Amino acid sequence: RRPAKLVARIRGMCHHLAWQVLRAQAEAGGQSGREAFADRHGEALAEHFFGSPALLAHCHALALEWQLTERLESQFGLDPVLSPLVQELIAAEDSGLASTAMAALTAQARFAQTQRRMELPLSELPGDLLHDLLVGWREFSNQLRSDAMMRAETKLRSNFDEGAGRLSLLARVVTGMGAAGARALDIDRAGVALFLTALATRSGQSRTAAVLSTNNRQTARLALGLRAAGLSGEDAERQVLRINPQAEPPAEAVTIDPDDARRLIADTPLTEVD
């Protein structure tokens with residue numbers, strides 16, 4: 001079972017998503033009491049969103065990421081926004097990489113603020129999840145032919161820019177680093193956000209799966225991911241213990257050939273953990 005604090009954070013994000021689309025619906029319909037309309041229907045729509053496995057897994061991953069970020073800040077003083085590697089990349093000679101790193105830093109600062117408020121802006125959803133959410137909202141509202149609904153949805157879609165979201169920016173930073181992207185696999189140097197993106201990108205996993213592997217019951221999966229991403233057995237074990245100090249990563253997960261680790265991860269996709 002998920003800890004109560006994690007559940008509260010996930011529910012908070014679902015409620016915030018519901019409130020945003022309802023506010024857009026009220027605005028498109030010309031209703032004066034937009035906040036009252038959102039408050040009136042928000043709880044029911046949030047519950048509807050809470051029933052979406054894909055959205056739930058995404059929110060769970062964000063909540064776990066923030067939980068890990070807070071814990072490493074508390075235990076080791078790791079800054080939740082500005083890591084040494086991000087600071088270094090902002091000063092890089094490659095102006096494209098430097099500006100992307102700066103944009104990622106700004107997005108990470110927003111993420112920290114919204115997570116503290118247990119919120120999730122629509123603009124930070126992956127594109128496929130935004131589409132699913134809008135379809136779910138339409139089904140919930142039972143107003144498939146409502147002009148106001150269509151206007152609101154059109155506006156939300158036209159305002160959406162997936163490339164400006166935090167996850168896209170982090171992925172572009174890792175990609176922009178090229179072979180040097182392996183440096184982002186040191187969580188103390190890269191910070192949690194960039195580390196998780198590098199782990200996902202370089203091991204061939206979804207970012208959600210990479211985040212969920214940091215759960216203390218997924219030690220073997222985390223070690224496999226780090227090996228698949230190119231870390232030596234010794235370095236992989238060091239990162240596992242930094243994330244889960246009580247962990248005992250299986251020797252075979254730490255010593256496995258990186259190509260075998262990638263194949264094993266691809267054959268056993270992880271979408272959710274308890």
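Which side chain does the side chain of Glu-153 make a polar contact with? In this predicted model, the partner is the side chain of Arg-138, at 2.8 Å. I'll start from that pair and work outwards.

Glu-153 belongs to helix 7, which covers residues 147–159. Its relative accessible area is 9%, so Glu-153 counts as buried. Setting aside neighbours up to four places away in sequence, Glu-153 has contacts with Leu-134, Trp-137 and Arg-138.

Trp-137 is the next stop. With the same exclusion of sequence neighbours within four places, Trp-137 is in contact with Val-21, Gln-25, Leu-45, Phe-49, Met-149, Ala-152, Glu-153 and Leu-156. Trp-137 is also a member of the largest nonpolar core, which has 87 residues. Six members of that core touch the most others: Val-21, Phe-49, Leu-125, Leu-133, Trp-137 and Leu-194. Which helix gives the core its largest share? That is helix 1, residues 4–28, with 11 residues. As general background, nonpolar side chains in soluble globular proteins tend to be buried together.

One of those core members, Leu-125, leads to Phe-160. Phe-160 touches Leu-125, along with Leu-122, Ser-123, Pro-126, Gly-127 and Leu-130, once residues up to four places away in sequence are left out. Phe-160 is placed in the loop between helix 7 and helix 8, the latter being 166–176. From Phe-160 to Leu-130 the chain separation is 30 residues, and their C-alpha atoms are 8.9 Å apart.

Now the aromatic rings. How many aromatic pairs does a search of the whole structure find? The count is 1. The pair is Trp-66 with Phe-111: the ring centres are 5.9 Å apart and the planes are at 85°, so the arrangement is edge-to-face. The cut-off behind that label is an angle over 60 degrees. Trp-66 is in helix 3, residues 53–76, and Phe-111 is in helix 5, residues 95–116, so the pair links parts of the chain that are distant, 45 residues apart. Both Trp-66 and Phe-111 are buried.

Two other rings have a charge over them. The charged end of Arg-11 sits over the ring of Phe-50, at 4.0 Å from the ring centre. For Arg-242 the ring is that of Phe-76, and the distance from the charged end to the centre is 3.6 Å.

On to the cysteines. How many disulfides does the structure hold? The number is 0. For Cys-14, the nearest cysteine sulfur is that of Cys-59, 4.5 Å away, and Cys-14 is in no disulfide. The same holds from the other side: Cys-59 is in no disulfide, and its nearest cysteine sulfur is that of Cys-14. The reason is the cut-off, because a disulfide needs the sulfur atoms within 2.5 Å. Cys-14 is buried, with a relative accessible area of 1%, and Cys-59 is buried at 0%.

Next, a backbone item. Met-118 has phi near 55°, which is a positive value in a residue other than glycine. Where is Met-118 placed? It is in the loop between helix 5 and helix 6, with helix 6 being 127–141. Met-118 counts as partly exposed, at 27% relative accessibility.

Last, a pair of residues around Arg-262. Arg-262 lies in helix 15, residues 258–267. Is Arg-262 buried or partly exposed? With a relative accessible area of 33%, Arg-262 is partly exposed. Its side chain reaches the backbone oxygen of Arg-202 at 2.4 Å. Beyond neighbours within four places in sequence, the contacts of Arg-262 are Arg-202, Ser-203, Gly-204 and Ala-228. The C-alpha atoms of Arg-262 and Ala-236 are separated by 14 Å, with their positions 26 residues apart along the chain.

Ser-203, one of those contacts of Arg-262, lies in helix 10, residues 192–203. Ser-203 is buried, with a relative accessible area of 2%. Its side chain is joined to that of Gln-205 by a polar contact of 2.9 Å. Not counting neighbours within four places in sequence, Ser-203 is in contact with Ala-198, Gly-225, Ala-228, Ala-229, Arg-262 and Ile-265. Ala-228 is thus listed for Arg-262 and for Ser-203.

That's the tour; I'll take questions.

Definitions and conventions:
Residues numbered from 1 in each chain as written. Predicted model: local features only at pLDDT ≥ 70, side-chain atom pairs only at ≥ 80, totals over all residues. Heavy atoms only, no water. Core = buried A, V, L, I, M, F, W, Y, C linked by side-chain atoms within 4.5 Å. Buried < 20%, exposed > 50% of the residue type's maximum accessible area, 1.4 Å probe, protein only. Helix = DSSP H or I, 4+ residues; strand = E, 2+ residues; numbered from the N terminus. Contact = heavy atoms within 4.5 Å. Phe/Tyr/Trp six-rings, centres within 6.5 Å; stacked < 30°, edge-to-face > 60°. Lys NZ or Arg CZ within 6 Å of the ring centre and 35° of its normal. Polar contact = N/O pair within 3.5 Å; in protein donor to acceptor, adjacent residues only side chain to side chain.
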